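Let's walk through this structure together, one part at a time. Keep the model open beside the text and turn it as we go.

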Amino acid sequence: MNVSYRAELVGVFGCPIDENPTVVIQEAAFRALGLNYRYLTLLVRPEGLEDAFRGMRAMNFRGINLTVPHKVEALKYVDEVAPEVELIGATNTVVNENGRLIAYNTDGKGFVSGITSRGVSLSGKRIALLGAGGAARAVAAECALAGAASIVIIGRTAEKAQAIADILNRRTACAGSVQLWNGTAKLPPCDILINCTPVGLFPDPGCPDIDYDAITADMIVQDVIPNPADTLFLKKARERGAQALNGLDMLIGQAVIGFRLWTGLDPDPKVMKQAMIAEQNQG
Ligand code: NDP
């Protein structure tokens, strides 16, 4: 009997992890292509990360996603890093090539593919970016590589924001600068405003503390938060006439790249997006 009952294993390590919806997106795409893959949502505490990587190698996982708080720490346990990981300093996707673990970062590329799929070109654009954590690092680096003219990092921790600006100035043609976020943030002149903080992420109903009246109708305002689909940040931007984009396309964009890295096949992004929207409508 020429049949294999062994599934290829992928998944995500994170803490907390229960509400991470990536399993819904990836398993819908595996089913659509008839692939015997399983995506496991795994609670891995910081002190367990090394063992989790050992286990992943022992069980011959094909790959793994990393989410908070593992994106930087995971770099200790891989064998090789892709060029964007070297730039960003964090990984969210690992591929197991015959026992050799290679780290990638698909967050920023997912962001760029999501926003450009909405007809927005980043070339020559002035960007204001709220937050200076992992998502901000990845988004800033890839927007710079995609041709953004300047990025102002608006952050409440000066060193973190400065570290991102330094990467942009040293390693890309994009001008990076820092605006310290102290009280209600004023907006620098910009074409695109991006929220890379978790403020407004379910169950938080709030919005980043910025001067919303500085948003104008010719601006594009993007939240990286995929849940809820319509954050207060986006509602306030839309009220002022701006084009408001949520984090769902970024989530799908990064999942598409991860799927491709693991399987070598192109998933159907529509299948992934429909699965995610159906899930959100249920919740
Ligand atoms: P981090 O914890 O690494 O960074 C969060 C950043 O936001 C930090 O710079 C932090 O400041 C800042 N911040 C937090 N609260 C506030 C506040 N009240 N006012 C001002 N700044 C604040 O998180 P991530 O970068 O990993 O994630 C950020 C968001 O991006 C999350 O909502 C996550 O869900 C989303 N995300 C979406 C993805 C998608 O595919 N759509 C992919 C990855 C992330 P400080 O440094 O001072 O603590």
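A good place to begin is an open sheet of 6 strands, which follow one another in the order β2-β1-β3-β5-β6-β4 with mixed pairing. Its edges are β2 (37-43) and β4 (80-81), each of which pairs on one side only. Please keep in mind that this is a predicted model.

Inside that sheet, have a look at β5 (residues 93-97) and β6 (residues 100-104), which pair in the antiparallel sense over 5 bridges. One pair to pick out is E97 with its bridge partner R100 in β6. The loop between β5 and β6 holds N98, and this residue deserves a pause. N98 has a positive phi of about 50°, although it is not a glycine. Is N98 buried or exposed? With a relative accessible area of 81%, N98 is exposed, since the cut-off for that word is over 50%.

A second asparagine makes a nice companion to N98. N60 lies in the loop between α2 (49-58) and β3, and its phi is near 55°, again a positive value in a residue other than glycine. N60 is partly exposed, with a relative accessible area of 43%. Why point these out? Most residues other than glycine have a negative phi, and most peptide bonds are trans.

That brings us to the peptide bonds. Follow the chain into the loop between β3 (63-66) and β4, where you will find P69. A cis peptide bond joins V68 and P69, with omega at about 5°. Another cis bond runs from N227 to P228, and here omega is near 10°. P228 sits in the loop between β11 (220-223) and α7 (232-239).

Since we have arrived at β11, let's stay with this strand. Its residues I220 and Q222 point one way, V221 and D223 point the other way, and all of them are buried. β11 has parallel neighbours to visit. It is joined to β10 by 4 bridges, and the two strands run parallel; in this pairing I194 stands opposite Q222 of β11. β11 is also joined to β12 (residues 243-245), by 3 bridges and again in parallel. There, the bridge partner of I220 is Q243 in β12.

Just ahead of β10 in the chain is another spot to visit: the loop between β9 (175-180) and β10 (192-195), which is the place of L187. L187 is buried, with a relative accessible area of 15%, and the cut-off for buried is under 20%. For a sense of how the chain folds back here, compare L187 with A214: they are 27 residues apart in sequence, and their C-alpha atoms are 6.4 Å apart in space.

Now turn to β7 (residues 126-130). Of its 5 residues, 4 are buried, so the strand is largely enclosed by the rest of the structure. β7 and β8 (residues 150-155) run parallel and are joined by 5 bridges. L129 stands opposite I153 in β8.

The last stop is the ligand. Where does it lie relative to the two domains? Domain 1 (8-105 + 249-282) and domain 2 (108-246) both give residues to the shell around the ligand, so it lies between them. There are 24 residues around the ligand, and A135, R156, T157, K160 and V224 come nearest. By character, the shell divides into 13 nonpolar, 7 polar and 4 charged residues.

Several backbone atoms are worth finding at this site. A polar backbone atom of A132 is 2.9 Å from an oxygen atom of the ligand, and a backbone N or O atom of G134 lies 3.0 Å from a ligand oxygen atom. V224 takes part too: one of its polar backbone atoms is 2.8 Å from a nitrogen atom of the ligand. How much of the ligand does the protein bury? Taken alone, the ligand exposes 930 Å², and the protein buries 76% of that.

Finally, see which elements build the shell. α5 (134-145) and α8 (248-263) are the elements that give two or more residues to it. Of these, α8 gives the most, with 3 residues.

Notes: Residues are numbered from 1 along each chain as its sequence is written. This is a predicted model: local features need pLDDT of at least 70, side-chain atom pairs count only at pLDDT 80 or more; totals for chains, interfaces and linings use all residues. Side-chain values use heavy atoms; hydrogens and water are left out. A residue is near a molecule or strand if one of its heavy atoms lies within 4 Å of it. A polar contact is a pair of N or O atoms within 3.5 Å; within protein, one must be able to donate a hydrogen and the other to accept it, and residues adjacent in sequence count only if both atoms are side-chain atoms. Accessible areas come from the Shrake-Rupley method with a 1.4 Å probe; for residues, only the protein chains shown count as cover. Ala, Val, Leu, Ile, Met, Phe, Trp, Tyr, Cys and Pro count as nonpolar, Asp, Glu, Lys and Arg as charged, and the others, Gly among them, as polar. Domain bounds come from an automatic or database domain assignment. Two strands pair if DSSP finds at least two bridges between them. Buried means under 20% relative accessible area, exposed over 50%, partly exposed in between (1.4 Å probe, protein chains only).
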